[in-house]
Each structure stands twice: as structure tokens, then as C-alpha cells.
Amino acid sequence: MAIARQVLCVCAFLSLPHAGAEPIRYSVAEEAESGSLVGKLAEDAGLTPAQLSARRARLVSDDGRQHFRLDRASGRLVVAGRLDREELCGQAASCMLPFELLLAEPLQFFRVEVALEDINDHSPLFRDDRVSLKIPETSEPGSRFPLEVAHDLDIGRNGIQAYSISPENEYFSISYESHSEDDTSLELVLEKSLDREEQAEMSFSVIAEDGGSPPRSGTTQVKIVILDVNDNAPVFTKERYIGQVLENMPEGSLVLTVLATDQDAGANGDISYQLSQAVGQSDSAFVIDPKTGEIKLTKPLDFEDSEHHELRVRATDGGGLSAICKVLVQVVDVNDNAPELVVSSFSSPLPENTVPGTVVALFSVRDRDSGANGKISCALEDQLLFSLRPAYKNYYELVTVSALDREETAQYVLSVTAADAGSPPLTTTQTFTVDVSDVNDNAPVFNQTSYTMYVRENNVPTVFVGAVSAADADVGLNAKVTYSLAPAQAAERPRCSCISVNSENGHVFVLRPLDYEHLRQTEVTVVASDAGSPPLRANVTVRLVVLDENDNAPLVLYPGQESGAASSELVPVSAEAGYLITKVVAVDADSGQNSWLSYHLLRATEPGLFTVAVQSGEVRLRRPVTDRDSVKQKLVVLVRDNGQPPLSATAALSALLLKDFSDVRLPHSSAATEEQDGSLTTYLIISLVFVSLLFLISAAVFVARKVCRRKELQAGHVLYGADNLQSGLADAAAAGTLPRAYCYEISLTTGSGNSEFKFLKPILPSLPPQHCATGQGPEEGQDFPCVPVSTEDMAPDNPGTLSARQFNALSFD
């Protein structure tokens with residue numbers, strides 16, 4: 001777009017016949033500040049500042065760069081930015097910046113040229129800051145040595161005008177010729193012969209100056225090196241060099257440095273070094289640097305092999321002249337060998353019951369050094385259970401000093417340090433890892449001192465009720481715990497056989513259903529045994545508490561609920577509301593809330609006539625008796641416990657409403673109630689006494705009946721007793737005094753002083769004699785001794801008993 005615009009402007013300019021042919025020229029110095037005045041362009045173009053604004057005046061250049069700016073308000077041309085002549089025009093003799101002043105409405109062009117004048121803003125500059133020249137000392141005076149000329153970006157008078165030497169010297173001068181800007185030369189001219197031995201080198205500065213005001217200059221440093229000839233031999237700084245080296249110095253270590261000098265220079269003064277071996281010694285352990293004279297080791301030295309080495313070094317310059325010196329290398333002994341620790345025996349693991357003084361390890365120590373460097377001492381790091389003791393010469397024993405406990409520390413890491421007496425001392429550390437094996441020295445320990453477990457009654461068989469747990473501090477089989485129930489001691493009550501414990505995990509089970517009313521709690525002892533040899537044990541008490549369930553219905557004690565007709569309570573028709581008729585008494589075999597009883601009126605002939613106290617079971621009148629009420633009233637009282645689900649029982653009552661008691665007014669005070677309660681308790685006691693007497697009478701009748709039945713036994717019975725009865729009755733059976741055999745059961749009284757016994761009723765009295773001979777009873781497989789007894793052997797007053805003679809013939813064990 002910019003190029004097209006410029007072409008269009010040029011074409012328009014050429015088409016204007018009235019455009020000026022001569023350009024408007026100005027000049028300005030380079031590096032002028034921005035805004036500096038170049039010229040009054042509007043005035044020189046014959047325009048006013050108002051016309052510049054009205055005709056939209058602007059500056060147009062061929063390259064599109066705006067080096068100048070037009071101030072429309074004043075019509076002046078000023079510098080727009082930094083102007084560098086060397087950047088814009090380089091080394092050109094003149095630097096012209098052309099552009100056009102473009103006016104619109106009507107279109108008009110004015111050519112403007114601004115000459116950029118050079119100022120002395122650049123100093124002369126040499127290509128190299130330092131120049132080194134080597135000149136033989138045999139050079140003739142008048143010899144010329146070229147130098148690089150300096151360059152100055154400025155032109156004309158601001159360019160380079162002259163060269164000079166500083167400081168001036170009697171040996172050299174400067175020659176400068178300039179035929180044109182591209183044809184210049186700069187040379188050093190030798191004015192006097194050189195002598196290297198008098199002065200080997202010299203330095204001076206060559207200065208280039210321009211013609212600016214003030215003038216600028218550039219400098220390069222010139223170093224003249226005077227070349228010599230070989231007229232001097234090398235000379236060592238010492239005739240004999242002595243060095244010391246440690247025997248443990250590694251390969252490549254510097255031993256010492258020899259130095260030889262030569263007054264000549266250049267190749268004639270270049271010295272090289274070589275080793276010359278002394279007679280009878282090897283130089284393979286040393287090497288010398290031919291340039292620097294440094295003697296280094298090619299391998300480590302050994303003080304024990306050789307305490308010193310003697311060498312010869314030759315120094316040769318470039319002209320073939322040489323010199324020889326002696327070198328003595330002394331080997332210094334150092335403590336370079338650490339002690340060695342050799343283990344002869346080592347025992348691990350150790351049982352924790354190892355006795356003190358047991359040898360754990362036997363080892364020896366040695367050091368290849370000699371003297372103090374080979375003297376060794378051994379030490380054991382802080383240990384309370386182990387120690388070191390010397391055995392024989394350089395042998396040591398590692399022993400125990402106290403009992404070990406695996407449960408406290410299962411592994412010991414013992415560090416034995418062997419140190420020599422060198423300076424600094426060298427040490428060697430040997431580590432012994434001692435494992436402690438377990439012995440069964442810890443009994444199992446329960447996690448509780450006792451256990452209490454709970455189970456509901458009527459439980460299912462083998463129900464899980466809890467677990468016991470014991471831990472053993474040992475390991476392996478010594479820590480494997482099994483559980484069992486301890487057998488009951490002879491002095492203790494037999495323990496309940498309803499509890500079982502799992503031998504592996506300690507789970508406790510109840511084997512059969514329990515009844516809270518028969519067993520409320522029991523205790524067993526659980527034994528935890530480990531698998532050690534011998535095994536160790538621990539006991540713990542497990543208390544099993546049976547929780548009650550509502551499995552018992554209430555039992556009505558009063559009134560009695562026998563099959564006969566219930567007794568009737570007499571109630572006067574004149575009784576008022578609240579009159580106590582009777583009290584229902586009931587009990588529940590359960591406990592807790594399962595035994596809490598409540599009483600409720602279930603049925604009644606006249607439901608509105610009676611009321612029952614919920615807590616006490618007292619039956620009272622709810623209202624007075626009326627003529628419409630039936631004389632005989634029947635009531636059913638429901639007794640219910642508080643279990644879940646509740647169980648209940650019923651009590652049937654009857655009451656008679658009697659008019660004969662119409663004048664009786666019974667008090668309803670608390671004292672009357674207490675008197676009635678006391679009467680009821682008396683009745684209960686009397687009832688219990690009556691039942692006990694009835695039981696005793698029944699027992700007496702039963703005994704009397706048994707005695708009477710004994711008298712009715714028929715003659716001819718067979719005794720049923722011990723085997724020794726057969727031998728006592730065998731004679732009677734053989735004599736044939738008993739017409740037939742009978743079998744009798746003998747009942748002996750325990751602890752009887754006169755060996756009383758009685759005969760019960762005969763078993764199979766019509767049994768044939770041959771049955772008794774075989775000894776078989778009436779049922780197959782039943783064996784018992786049968787002995788024939790004759791009627792003569794019976795007592796004369798009682799045919800069912802033995803006579804005194806026959807009884808004395810018997811023997812009992």
C-alpha cells in the first residue's frame with residue numbers, strides 16, 4: 001500500500017506543471033536531538049502555516065522512513081528521531097536524505113533534500129588490541145615490519161590523520177602513507193640493531209588519531225619478541241634434589257619437580273627432561289614429565305621393600321646442550337593397613353536360657369603394619385549382656401555375661417571394633433548378629449482376670465455365648481494356646497456339664513437348654529495351655545449368668561382351684577362400696593418384670609358390682625348391693641405377669657349375698673384390711689400344716705400296707721441276692737426239704753448292726769424247679785441265683801422268713 005501510494009504521488013507530481021523543479025535544500029548535523037529545527041519549510045515553499053493545515057500537508061519519502069516531522073502550526077521542519085550518518089550512508093562522501101512535501105486540494109508537491117553532516121562521534125579502532133612480532137636479533141636497521149591500519153567510521157577531517165608510538169624508543173619508528181581511503185599502509189621501521197641478551201623483548205603502543213575537534217584516538221599494544229641463538233647450556237637450580245613420598249601415595253602422585261634454566265630463547269631455550277636410572281635400581285615406579293620436570297609415581301611404593309630410591313635427571317635444550325642432576329626419593333612408612341578380623345567360630349541362634357559365660361564367637365586379629373602401626377586393641381560397643389575377653393595371643397572370645405530374654409530382645413547386633421595404634425589409627429568393625437531362640441518360659445496370659453457371659457434360658461443347644469482369649473509371649477509352638485475346662489476338685493461342687501469351650505479359639509458354648517428357675521448362674525475354670533515342653537498353663541474363671549425368660553405362668557395360691565366346687569365368700573347385702581370380699585394370691589416362678597403380676601376382673605355375674613385391685617388382687621364391692629342382684633355371684637379373676645409375651649392364669653370365685661348380715665357394718669379402714677391380711681396368712685399356714693400331716697399319714701399307711709403284704713407271702717421262696725447266698729442254701733436244696741423252688745428279692749438295710757433284711761413278694765411263685773436249676777428268670781437274659789428252700793427252714797411263726805439256723809448259715813461280704 002505504501003509503495004502504491006508513493007507511485008501515485010510521483011505520477012501526480014509529474015502531472016503538475018506548476019510543481020517546482022529545484023528542490024528545497026537543508027542541512028543538519030547527525031545525532032541532532034529529536035525536535036531540533038531543520039528549516040522553515042512553509043516559508044521557503046511560499047506557504048503559510050494556515051495553508052498547511054487547510055491543504056492537509058504531509059511529508060512523503062521514497063523508502064517510507066520518516067526522519068523529519070512537519071509542524072503544521074508553525075510551518076517548521078524538525079528532526080523526528082535519532083539520525084546516524086554512518087548507519088544511513090556508511091562511508092559515502094555525502095549523505096543526502098530526500099523527501100516530498102505533499103499538499104492536497106489542490107494537489108501539489110515540493111521536493112526537499114536534507115544533507116546530513118558528519119560529526120566526530122567515532123574513534124579510530126584497530127582490529128586487534130594486541131599485536132606480537134618476533135624479530136631475530138640479527139635483523140639489520142632499516143628493516144620494515146607491516147602493521148594493520150586502524151579504521152574510523154567518520155569521514156573527511158574526522159577520519160584518521162596520523163599515527164604515533166608511545167612511549168617513544170630508540171629501536172623503532174612508525175611509517176604511515178595514505179594514497180587514498182582504500183590505499184593506506186602502516187609499518188614499523190627498525191632504527192637500531194637488537195641484542196636479545198641485553199633486552200629479550202619490548203612493548204609499546206601505536207596510537208591512531210583523527211582530525212576531529214576535539215580529536216579522537218585508538219590504540220593497539222605491540223609486543224616485540226627478539227629471537228635468540230643457542231649459545232647457553234641448561235643449568236639446574238640444584239645439584240641434588242631430595243623428596244619424600246608416603247608409601248600409600250596412589251599412582252600418578254607428584255613426588256617432586258626438577259627445574260633447569262637456559263639463557264637462550266626460543267627453541268634454543270626449550271628444555272626437555274629424561275630419567276637416568278642409577279646402577280642397581282629400577283625406575284619403573286617413577287616417570288618424569290619431559291616438559292615440566294615433574295616426577296610422578298607409576299605405582300604405589302612399599303616401605304618394607306625399599307626405604308629410598310635414587311634417580312638421575314638429564315635436561316637437554318633444543319640445541320643439544322644438556323645437564324644432569326641427582327634425585328633422592330625417601331619412602332615414608334604410614335599406617336596404611338587396617339586391622340584384619342578373622343572369625344573362627346560363631347554360634348547363632350542362642351537359647352534364651354543360655355547360662356552366662358557361654359562363648360558366642362571366637363576370632364583373631366592381625367595387622368600387616370609393624371611397630372605401633374601393627375599394635376591392635378579390640379573393643380565391643382556398649383553392651384550389658386555381652387563382653388570380650390582375650391583367649392590366646394591375638395584371639396578373643398565373645399561371651400555372654402547375663403541371662404538373655406527373647407521376649408525383651410529377640411536379636412542382638414554386636415559390633416566389635418579392632419583399632420591399631422597408628423596416627424591416625426585405622427579400625428575394622430565386625431558385626432555379629434545373634435538371634436535368641438525361644439524357650440517355653442512364659443505362661444499364657446488371659447486378657448481379662450475373669451469373664452462373665454450371659455445366656456437366656458431355654459436356649460438352643462450349642463449356642464455361642466462368648467470367648468476367652470489368652471496370649472503367650474513366646475513364639476512358635478511355645479505360643480500356641482489351647483483351651484480346656486478344668487476338672488472340678490473333690491472338695492468343690494460338681495460343675496455344670498452344660499458348658500463347653502473350643503480348644504482352638506476359646507469360644508464358649510452352652511450345650512443344652514438351661515432353666516433359669518433351676519440354674520441361675522454357674523462358674524467354670526478355663527485352662528489355657530501352650531504347646532511347649534513342658535507346657536505352661538493359666539486359669540481363668542468364667543461365670544455364666546442365665547437370663548430369665550417369661551416361661552412360667554402365674555400360679556394361683558388362693559383361692560384354691562381344685563376340681564371341687566369353689567368356696568363361697570359371704571357378703572352381707574348391707575355392705576357398702578369398697579367392702580373387701582377376698583384377696584386373690586398368686587406367685588410367678590420367673591424373676592424381674594416377668595414375675596410382676598397384675599389382677600383383672602375377667603368375668604362376673606354382675607360385672608358392675610365388683611372391682612379387683614390391679615396390684616394387690618383385692619376383690620371389693622364397686623357399689624352397694626341392691627335387691628335386683630342375684631344372691632349367688634360368680635367371678636373369674638385374670639392374673640397376668642409382665643413378661644413379653646405375657647402369661648396368665650385365672651381364679652374362679654363365688655360370693656353369697658346374705659340378708660342375715662344386714663346389720664353388720666364392716667369397717668373399711670386400713671386396720672381392718674391389715675387384720676384380714678393377717679387372717680389370710682394364718683389360713684395359709686394352717687393349710688400347709690394340714691397338707692404335711694396328710695403326707696405323713698399317707699406314708700404311714702403305705703408302710704403298714706407293705707408290712708401286711710409281707711405276712712401274706714406264701715411258703716417256698718427263692719432268695720435274690722449275692723452269689724455267696726447259694727453256698728449257704730445249697731445243703732437245704734440237696735436234702736430235698738423244699739418241695740419246690742421260689743425266687744425272692746432280698747433288701748438289706750444299709751448300716752444295720754444286726755444285718756436285717758426283708759423279703760418282698762415272690763417273683764413267679766409257680767416257677768418250675770428246673771428253671772431255678774438253670775438260674776434263668778422269667779425274662780430272657782436275666783440271670784439271678786436261685787436257691788431251693790424247704791418249709792422246714794422257715795421260721796415257725798412266719799413261713800415267709802428264714803429261720804435263725806438258716807440265716808446263720810448265710811455269709812455276706
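A residue counts as partly exposed when its relative accessible area lies between the buried limit, under 20%, and the exposed limit, over 50%. The model on screen is predicted.

Select Glu201 first. Its relative accessibility is 41%, so Glu201 is partly exposed. Add Lys223, which is also partly exposed, at 34%. The two form a salt bridge, with the closest N and O atoms 3.7 Å apart. This pair links distant parts of the chain: Lys223 sits in strand 14 (residues 217–227) and Glu201 in strand 13 (residues 201–210), 22 residues apart.

Next, select Glu187 and Arg144. Their side chains meet in a salt bridge at 2.8 Å, N to O. Because Glu187 belongs to strand 12 (residues 183–190) and Arg144 to strand 9 (residues 144–147), the pair ties together parts 43 residues apart in sequence. Glu187 is partly exposed at 24%, and Arg144 is partly exposed at 46%.

Move to Arg406 and Glu407, a salt bridge with closest N and O atoms 3.2 Å apart. Here Arg406 is buried, at 11% relative accessibility, while Glu407 is partly exposed, at 26%.

Then pick Glu22, Arg25, Arg111 and Glu113, which are linked in a salt-bridge network. The whole structure has 13 salt bridges.

For internal space, select Phe126, Arg127, Asp128, Val131, Leu147, Glu148, Thr220 and Val222, the lining of the largest cavity. Its volume is about 70 Å³, and the lining comprises four nonpolar, one polar and three charged residues. The structure holds four cavities of 30 Å³ or more.

Finish at Ile685, in helix 5 (residues 670–711). Ile685, Val689, Leu693, Phe695, Leu696, Ile697 and Val701 make a nonpolar surface patch of about 720 Å².

Notes: Residues are numbered from 1 along each chain as its sequence is written. This is a predicted model: local features need pLDDT of at least 70, side-chain atom pairs count only at pLDDT 80 or more; totals for chains, interfaces and linings use all residues. Side-chain values use heavy atoms; hydrogens and water are left out. Patches are made of residues with over 30% relative accessible area and no salt bridge: like charges are joined within 9 Å, nonpolar side chains (Val, Leu, Ile, Met, Phe, Trp, Tyr) within 5 Å. Accessible areas come from the Shrake-Rupley method with a 1.4 Å probe; for residues, only the protein chains shown count as cover. A salt bridge is a side-chain nitrogen of Lys or Arg within 4 Å of a carboxyl oxygen of Asp or Glu. Helices (H or I, at least four residues) and strands (E, at least two) are DSSP runs, numbered from the N terminus. On a 1 Å grid over the protein atoms alone, a cavity is a set of points where a 1.4 Å probe fits but cannot get out, and a pocket is an open set with protein on both sides within 12 Å along at least five of seven lines; lining residues have an atom within 4 Å of a point. Grid points are joined across faces, edges and corners, and a volume is the space filled by probe spheres set on the points. Ala, Val, Leu, Ile, Met, Phe, Trp, Tyr, Cys and Pro count as nonpolar, Asp, Glu, Lys and Arg as charged, and the others, Gly among them, as polar. Buried means under 20% relative accessible area, exposed over 50%, partly exposed in between (1.4 Å probe, protein chains only).
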